[in-house]
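Thank you all for making the time this morning. I would like to walk through one model with you, slowly, and I will try to keep to what can be read from the coordinates.

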Amino acid sequence: RNSIAICDRFIRTVQDKARVLMAAYKVPDTEWPWAYRHAAYLYNRLPTTTHPTASPMELLYGPTHVPNLSSLKTFYSAVYVVRRNESIGKFHNVAYFGRFLGYDPTTLGYGVRV
């Protein structure tokens with residue numbers, strides 16, 4: 001019974017973080033899954049009130065897996081995606097404008113809405 005309460009609290013915490021991300025940056029409702037995934041990503045890498053000296057990632061994998069917080073990006077911030085392997089004319093844009101949505105779990109890249 002106690003483990004169910006802990007799981008429910010975790011889910012509610014991630015949902016609250018995602019809701020704040022959506023409201024703070026005026027993100028369209030279609031990006032809700034990305035906000036939820038980004039909130040969970042942040043939760044796993046930042047210290048919590050129950051463990052203020054270590055992140056959940058450190059507690060799970062040990063002190064050798066301290067997350068690098070210097071590479072965190074702001075959710076839904078403006079980004080430019082460089083056009084590669086495309087024929088770019090002399091007066092055409094070399095990048096697409098987009099919005100940062102989060103970290104892609106399947107690759108080392110980012111999720112961007114262009």
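I will go through the pocket, the core, the ring contacts and two backbone angles, in that order.

Please keep in mind throughout that this is a predicted model, and that every value I quote is computed from it.

Let me begin with the largest pocket, which has a volume of about 350 Å³. Its lining is made up of I6, C7, R9, F10, T13, Y43, T48, T49, T50, H51, P56 and L59, and by class these comprise six nonpolar, five polar and one charged residues. If you ask which elements build this wall, α1, covering residues 2-24, and α3, covering 56-61, each supply at least two residues of the lining. The greatest contribution to the lining comes from α1, with five residues.

From the pocket I move to the interior. In soluble globular proteins, nonpolar side chains tend to be buried together. Here the largest nonpolar core has eleven residues, namely V14, A18, L21, M22, V27, A35, A39, A40, F75, Y76 and L101. Both α1 and α2, the latter running over residues 32-45, supply at least two residues each to this core, and α1 gives the most to it, with four residues.

Next come the aromatic rings, where the count reaches eight aromatic pairs. One of these is formed by Y80 and F97, whose ring centres are 5.5 Å apart with 65° between the planes, which makes the arrangement edge-to-face. This pair links distant parts of the chain, since Y80 sits in strand β1 (residues 78-82) and F97 in strand β2 (residues 95-103), 17 residues apart. As for solvent, Y80 counts as exposed because its relative accessibility is 60%, over the 50% cut-off, whereas F97, at 43%, counts as partly exposed.

A second pair worth following on the screen is F100 with Y110, where the centres lie 5.6 Å apart and the planes meet at 70°, so this pair is edge-to-face as well. Because F100 lies in strand β2 and Y110 in strand β3 (residues 110-113), the pair ties together parts that are ten residues apart in sequence. Are these two rings buried or exposed? F100, at 2% relative accessibility, counts as buried, while Y110, with a relative accessible area of 44%, is partly exposed. Ring pairs also join F100 and Y110 with Y41 and Y103 into a cluster.

Y41 brings me to the contacts between charges and rings. The charged end of R45 sits over the ring of Y41, at 3.6 Å from the ring centre. Similarly, the charged end of R37 is placed over the ring of W34, 4.7 Å from its centre.

Finally, I would point to two residues with an unusual backbone sign, if you are checking the geometry for yourselves. K26, which is not a glycine, has a positive phi near 50°, and K26 is placed in the loop between α1 and α2. With a relative accessibility of 71%, K26 counts as exposed. Y76, also not a glycine, has a positive phi of about 60°, and this residue is found in the loop between α3 and β1. Why is Y76 called buried? Its relative accessible area is 14%, and because the cut-off for buried is under 20%, Y76 falls in that class; Y76 is also one of the residues of the largest nonpolar core.

Conventions:
Residues are numbered from 1 along each chain as its sequence is written. This is a predicted model: local features need pLDDT of at least 70, side-chain atom pairs count only at pLDDT 80 or more; totals for chains, interfaces and linings use all residues. Side-chain values use heavy atoms; hydrogens and water are left out. On a 1 Å grid over the protein atoms alone, a cavity is a set of points where a 1.4 Å probe fits but cannot get out, and a pocket is an open set with protein on both sides within 12 Å along at least five of seven lines; lining residues have an atom within 4 Å of a point. Grid points are joined across faces, edges and corners, and a volume is the space filled by probe spheres set on the points. Ala, Val, Leu, Ile, Met, Phe, Trp, Tyr, Cys and Pro count as nonpolar, Asp, Glu, Lys and Arg as charged, and the others, Gly among them, as polar. Rings of Phe, Tyr and Trp (its six-membered ring) pair if their centres lie within 6.5 Å; planes under 30 degrees apart count as stacked, over 60 as edge-to-face and the rest as tilted. Buried means under 20% relative accessible area, exposed over 50%, partly exposed in between (1.4 Å probe, protein chains only). A charge sits over a ring if NZ of Lys or CZ of Arg is within 6 Å of the ring centre and within 35 degrees of the ring normal. A nonpolar core is a set of buried Ala, Val, Leu, Ile, Met, Phe, Trp, Tyr and Cys residues joined through side-chain atoms within 4.5 Å.
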